[in-house]
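Please look over the structure shown here and read the report that follows beside it. The report moves from the overall form of the chain to the charged side chains and then to one residue of a strand.

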Amino acid sequence: TEDYFETGGKVAVEVFHLDLMFLTLESTTGWRNHLNEGEFWSDFLFERLSLVGNVYLPLNLTWDIFFSAEWEWHERESDNSRLYLLSTSLTRSL
């Protein structure tokens, strides 16, 4: 079992303009301490970033975006990781 304690801080910014866009940006920085370190996990510092939003464009177009990224810096450098996710779409309302 993977028992751990995680602590961190979050900063969030929201931009809302009725006819133009809605965007939410969040950044979380923290530390995860594994209570029982094992062969397959170690304590690490992390940064998590996410962006979710809609941007309203001319011609009844809407651009939707979801972006997420996570970085981990472990005590064992070989365990460091990076993850990026992006989903986006462009839709037109009639």
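## Contacts and overall form

In this predicted model, residues 24 or more positions apart account for 45% of those contacts in the protein that have a separation of 6 or more. The secondary structure consists of five strands and zero helices, so that, read from the N terminus on, the elements follow the order β-β-β-β-β.

How does the radius of gyration of the protein compare with that of a compact globule of 94 residues? The protein has a value of 18 Å, whereas a compact globule of that length would have one near 12 Å. Taken along the principal axes, the box filled by the C-alpha atoms is roughly 55 × 20 × 20 Å.

## Surface and charge

Of the 94 residues in the protein, 21% are buried. The accessible surface comes to about 6900 Å², and carbon and sulfur atoms contribute 59% of this area.

The protein carries 6 positive and 16 negative charges, and the mean positions of these two groups lie 6 Å apart. Side chains of opposite charge can pair when their charged atoms come close. In this structure there are five salt bridges, and three of the pairs are described below.

## Salt bridges between strands β1 and β2

The side chain of Glu6 meets that of Arg32 in a salt bridge, with a distance of 2.7 Å from N to O. This pair links distant parts of the chain, since Glu6 belongs to strand β1 (residues 4-17) and Arg32 to strand β2 (residues 21-34), with their positions 26 residues apart in the count. Is Arg32 buried or exposed? Arg32 is buried, because its relative accessible area is 13% and the cut-off for a buried residue is under 20%, while Glu6, at 30%, is partly exposed.

A salt bridge also joins the side chains of Glu26 and Lys10, where the distance from N to O is 3.7 Å. Here too the pair links distant parts of the chain, with Glu26 in strand β2 and Lys10 in strand β1, 16 residues apart. Lys10 has a relative accessible area of 55% and is therefore exposed, given that exposed means over 50%, whereas Glu26 counts as partly exposed at 27%.

## Strands β3 and β4, and a network

Arg48 forms a salt bridge with Glu70, and the closest N and O atoms of the two are 3.3 Å apart. The two residues are 22 positions apart and link distant parts of the chain, as Arg48 lies in strand β3 (residues 44-57) and Glu70 in strand β4 (residues 61-74). Arg48 counts as partly exposed at 24% relative accessibility, and Glu70 also counts as partly exposed, at 22%.

Which residues are linked in a network of salt bridges? The network is made up of Glu6, Arg32, Arg48 and Glu70, so the two residues of the bridge between β3 and β4 are joined in it with Glu6 and Arg32.

## Ser81 in strand β5

Ser81 is found in strand β5, which covers residues 81-92, and with a relative accessible area of 31% Ser81 is partly exposed. When neighbours within four places in sequence are left aside, Ser81 is in contact with Glu70, Trp71 and Glu72. For Ser81 and Glu70, the separation is eleven residues in sequence, and their C-alpha atoms are 8.0 Å apart in space.

How values were computed
Residues numbered from 1 in each chain as written. Predicted model: local features only at pLDDT ≥ 70, side-chain atom pairs only at ≥ 80, totals over all residues. Heavy atoms only, no water. Helix = DSSP H or I, 4+ residues; strand = E, 2+ residues; numbered from the N terminus. Rg over C-alpha atoms; globule rule 2.2 N^0.38 Å. Buried < 20%, exposed > 50% of the residue type's maximum accessible area, 1.4 Å probe, protein only. Contact = heavy atoms within 4.5 Å. Areas by Shrake-Rupley, 256 points an atom, 1.4 Å probe, with all protein chains shown as cover. Lys, Arg positive; Asp, Glu negative; His and termini not counted. Charge placed at Lys NZ, Arg CZ, Asp CG, Glu CD. Salt bridge = Lys/Arg side-chain N within 4 Å of Asp/Glu carboxyl O.
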